[in-house]
Amino acid sequence: WNVPLVFDAHEIYYEQDTLSLLTRMRLKSEEKKYVRCTDLFITVNDAIADYYMDLYGKRPLVLMNCADAPPQGFDVNSRERLRNAAGLPQECRIVLYQGWISPERNIDALVEASADFPADTFLVIIGYGAHEAKLKALASEYAPEKTRFLGRVEPSDILELTAGADVGVIPYQPIDLNHKFCSPNKFFEYVLASVPIVAEDLVFFRTMKEKYGVVETGKLGTPEGMARAVLSILNDR
C-alpha cells in the first residue's frame, strides 16, 4: 500500500503453550516473512528485544508499557474504596491480583496460598475470564473466607482501587518463552499506585528489582512458595 509499516511486538505471541503447534509455526513463519518489510519495529522490554535481535539481526526499539501518571490525589480514598468494594473491614490488609483470569497464569496457587495468610489479610481479585468459575470453586474449597472477587472494573477506575492494596501479586510462571520474558501491564499499574510487588524471579522482574527496588521476587510456583513470598512483604512494615 506504499505506507509506513510498524510492527509492535507487545509479546512473543506465538511462543505460548496455549496455542497449537501448527498455529505457532504458521505465525512464526509469517513474522519471519514480513518483519523485513517494517519501517519501525518496537517491543516492550530488553529481553524480548534481545530475542528478536538473535532471531533476525534486527533489534526493536524498546518502549515500555508505562501509562501516564495519575492525577495528584487520585489515591486519597483508595484504601477505603477497595475495602468497601470487597466488603472487608477497613483495618484489614489486602493482597491483590488484577487482570485476565486464565489457567496458565498460576492464580490457582495464589488462591490456595491465601489459606495461609494471617487472620487480618485477604486476597482480592479484580478481573474476569473463562477460568473464573473454577477459581471461585477453588477458593470455596481452600479459603472460603479469605478471597473476594470484584469482577470487571473499568480501566479508568483500576488505579484508584489498586492503590488501596498492601501487596500486588504477579504470579506468572516461566511455562513458555512468552511468559519467561513478560513485562505485563499490571506491573506498571502497581508501580503507579505505589503498591509493593511480589513476582516470580523472571528476567524483567529481576532487572526491575535490581534497578529500582519496586518488586520482590521469589518462587511462586507452589502455594507454599507463594505464601512465603507474600508474607515476606507483609512482615516488612
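What kind of unit do β4, helix α4 and β5 make? In this predicted model, the three elements form a right-handed β-α-β unit, with residues 107–113 making up the helix α4. The two strands of that unit run parallel and are joined by 6 bridges. One of the links is easy to look up: V95 has L123 as its bridge partner in β5.

Now for the bigger picture around that unit. β4 and β5 belong to an open sheet of 6 strands, and reading across it gives the order β6-β5-β4-β7-β8-β9, with parallel pairing. The edges are taken by β6 (147–151) and β9 (215–218); each has a single partner strand, so one side of each is left without a neighbour in the sheet. From one strand to the next, the twist averages 25°. As for what holds such an arrangement together, strands of a sheet pair through backbone hydrogen bonds, either parallel or antiparallel.

β4 (93–98) deserves a second look. On its other flank in the strand order comes β7, and these two strands pair in the parallel sense over 2 bridges. V95 turns up again here, since its bridge partner in β7 is V167. β4 is also mostly covered, with 6 of its 6 residues buried. R93, V95 and Y97 point one way from the strand, while I94, L96 and Q98 point the other way, and all of them are buried.

Moving along the sheet, β7 (residues 167–170) pairs with β8 (residues 197–200), again in the parallel sense, over 3 bridges. In this pair, G168 is matched with I197 of β8. Helix α9 (residues 203–212) packs on the sheet here, touching β7, β8 and β9, and its direction makes about 135° with that of β9. Another helix, α10 (residues 223–234), lies across β4, β5 (121–126), β7, β8 and β9, and runs at about 155° to β7.

Helices meet each other too. The axes of α6 (residues 155–162) and α8 (residues 185–192) come within 9 Å and cross at roughly 55°. Are they parallel or oblique to each other? An angle of 65 to 115 degrees would count as roughly perpendicular and one under 35 degrees as roughly parallel, and α6 and α8 are therefore oblique. The crossing of α6 past α8 is right-handed. On the α6 side, the contact is made by I158, L159 and T162, and on the α8 side by E189, Y190 and L192.

Methods. Residues are numbered from 1 along each chain as its sequence is written. This is a predicted model: local features need pLDDT of at least 70, side-chain atom pairs count only at pLDDT 80 or more; totals for chains, interfaces and linings use all residues. Side-chain values use heavy atoms; hydrogens and water are left out. Two strands pair if DSSP finds at least two bridges between them. Helices (H or I, at least four residues) and strands (E, at least two) are DSSP runs, numbered from the N terminus. Axes are lines fitted to C-alpha atoms, for helices over the stretch in contact, and angles run from 0 to 180 degrees between N-to-C directions. Contact means heavy atoms within 4.5 Å. Buried means under 20% relative accessible area, exposed over 50%, partly exposed in between (1.4 Å probe, protein chains only). A crossover is right-handed if, with the strands pointing away from the viewer, the path from the first strand over the helix to the second runs clockwise. Angles under 35 degrees count as roughly parallel, over 145 as roughly antiparallel, 65 to 115 as roughly perpendicular and the rest as oblique. A crossing is left-handed if the near helix is turned anticlockwise from the far one by less than a right angle, and right-handed if clockwise.
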